[in-house]
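Here are some short exercises to work through with the structure open beside you. Try each task on your own before you read its solution.

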Amino acid sequence: MNGRVIDFMPSEGRQVVIPGQILGEIPAFKAGRGTFIENKKIYSEVLGILNIQENFIHVIPLRGRYDPEVGDFVIGVVLEASTSNWMVDINAPYPALLHVNEVPWEIEFADTEKYLNTGDTILAKVLSVDESKKLQITLNDRNLFKLKGGHLLEFEPSIYRRIIGKKFSMIEIIQKYTRCRIKVGKNGRIWIDGDPDGIEKVLQVISKIENEAATFGLTDRIEQFLRKDAKDVR
Amino acid sequence: MKSNIELITSEGKRLDGRGPEDLRKIRIEAGVLHRADGSCSLEWGGNKVLAAVYGPREAVPRHTQNPLRAIVQARYNMAAFSVEDRKRPGPDRRSVEISKVISEALERVVLTDQFPRASIDVNIEVLDAEAGTRCAGLTAAAVALIDAGIPMRDIPVACAAGKINGVVVLDLGKEEDNFGDADLPIAISPRTGEVLLLQMDGHLTYDEFNQAFDLAVKGCLTVSELQKKAIMQKYQAVAAEVQE
């Protein structure tokens with residue numbers, strides 16, 4: 001019964017693995033993200049895509065909540081304003097704390113609601129994650145601000161890298177063809193601002209990326225898709 | 001309950017035509033609900049079960065939180081129309097018990113230490129019941145957990161064995177459950193063989209128990225393959241679609 005390998009090897013594309021599936025043994029390989037070790041064997045702990053890099057076995061999850069890491073850019077929605085801080089939903093298992101010292105404005109005591117109130121959207125950065133997963137975020141950095149207007153869209157956090165593309169190539173292409181302002185949070189949220197046609201186009205592209213996330217050559221296909229009915233490209 | 005109904009013939013044929021070691025027909029589909037983080041629809045003979053997973057999210061009320069790990073809260077519920085006559089809606093003694101044993105079975109395989117203070121909520125809704133709903137519910141819940149991307153050590157799976165007219169058989173049907181001698185539902189972690197749930201209704205001798213247990217484990221392993229197939233089908237379809 002121990003360590004049976006299932007023969008679901010796809011001939012092309014990336015290999016999908018499931019929890020408890022054996023991936024390798026410990027002296028030959030090292031256990032990376034998304035794996036655990038039991039009796040010197042490496043097993044997958046999540047449903048994901050197998051990725052082996054220099055003896056390190058990683059499993060990149062296909063589904064699941066956003067796992068916050070310090071320094072991540074996230075898009076948050078304010079849940080409530082207290083006298084000296086805000087609670088912000090950043091799509092993680094836990095709400096994040098935004099303290100008045102971590103915003104670029106001078107705030108009088110208990111005046112927090114004047115600046116950010118329930119339902120407001122912000123582009124923030126994860127400041128700290130402690131061992132009991134208490135989260136703090138900050139607005140004190142360049143390129144961090146309150147997002148006014150626009151559309152907020154959610155996607156599967158695991159495909160963040162596919163939406164961004166290599167060195168932001170994907171997002172640059174989308175911005176070029178649709179002339180929208182786009183901000184992508186690592187927590188699975190996208191904020192889009194532009195004219196209605198452009199926004200519509202972006203929504204189509206995002207759902208296309210979501211459906212085809214596990215395939216190769218995605219950026220090229222998206223560019224073809226966008227070029228097909230692009231009128232004026234800057 | 002004693003009766004003179006012949007549940008199994010001398011040739012080993014059961015009421016629905018199955019042999020003593022045959023399972024009912026099982027169909028599993030992952031990711032059927034859009035609002036839940038993960039979901040699964042499962043049909044096991046005449047059972048129809050829907051499982052939905054939410055989370056990990058902060059556990060409420062606060063005092064239920066564990067500062068070191070996540071809690072798994074399963075809620076087993078039977079629809080009013082799931083049985084003959086009508087079941088009075090709401091939790092009763094039976095469903096509270098099943099919720100508890102399923103929660104504890106799932107908590108064993110979920111890597112709960114990755115989500116301190118959180119709760120992982122599993123909702124199991126029995127739409128149509130025909131004996132063996134706790135096994136069907138747990139099997140569906142396991143697929144829904146994977147669909148939700150919850151980190152786990154293994155994919156738990158459940159199956160029952162029992163005794164009818166003195167013969168040990170696999171996967172009891174409705175009449176066999178009502179008029180049979182014993183029912184033994186178990187859940188295991190198929191990779192390690194660890195037992196996650198074991199209940200027994202009725203009487204078995206020591207030898208019969210061992211025989212029924214081994215049979216149920218065998219059934220679990222068969223169902224386990226179906227679970228894996230269902231997950232793979234859902235997530236490999238994506239890759240195949242584009243290659244056309």
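The exercises below concern a predicted model.

**Exercise 1. An overview of chain A**

Find how many helices and strands chain A has, and which domains it is divided into.

*Solution.* Start with the secondary structure: chain A holds 5 helices and 16 strands. Next, look at the division of the chain, which gives domain 1 (16-61), domain 2 (73-147) and domain 3 (151-228). For the overall extent, the C-alpha atoms of chain A fill a box of roughly 65 × 50 × 25 Å along the principal axes. Finally, of the 234 residues in chain A, 34% are buried.

**Exercise 2. The order of strands in a sheet**

Work out which strands stand at the edges of the open sheet of 4 strands in chain A.

*Solution.* First read the strand order, which is 1-6-7-3, with mixed pairing. Strand 1 (16-17) and strand 3 (30-31) of chain A each have a single partner strand, so these two are the edges, and one side of each is left without a neighbour in the sheet. Now follow strand 3 of chain A to its partner: it pairs with strand 7 (residues 56-61) of chain A in the parallel sense, over 2 bridges. To place this pairing on the model, find A:Ala31, which stands opposite A:Ile57 in strand 7 of chain A.

**Exercise 3. Where two domains touch**

Describe the contact between domain 2 and domain 3 of chain A, from the side of domain 2.

*Solution.* Begin with the spacing: the C-alpha centres of the two domains lie 26 Å apart. Then count the contact, in which 9 residues of domain 2 of chain A meet 8 residues of domain 3 of chain A. On the domain 2 side, strand 8 (73-81) and strand 11 (121-129) of chain A each give two or more residues. Strand 8 of chain A gives the most, with 3 residues. Sorted by character, the domain 2 side has 7 nonpolar residues, 2 polar and no charged.

**Exercise 4. The largest nonpolar core**

Identify the helix that gives the most residues to the largest nonpolar core, and trace the contacts of B:Ala144.

*Solution.* This core has 127 residues, and those with the most contacts inside it are B:Val122, B:Ala141, B:Ala144 and B:Leu145. Helix 2 (residues 133-147) of chain B gives the most to the core, with 10 residues. For B:Ala144, set aside the neighbours within four places in sequence; its contacts then include B:Gly38, B:Cys40, B:Val53 and B:Val122.

Terms used. Residues numbered from 1 in each chain as written. Chains lettered and ligands numbered in written order. Predicted model: local features only at pLDDT ≥ 70, side-chain atom pairs only at ≥ 80, totals over all residues. Core = buried A, V, L, I, M, F, W, Y, C linked by C-beta atoms within 7 Å. Buried ≥ 20, exposed ≤ 12 C-beta atoms within 10 Å, placed from the backbone. Contact = placed C-beta atoms within 7 Å. Pairing = 2+ DSSP bridges. Domains from an automatic or database assignment. Nonpolar A, V, L, I, M, F, W, Y, C, P; charged D, E, K, R; others polar.
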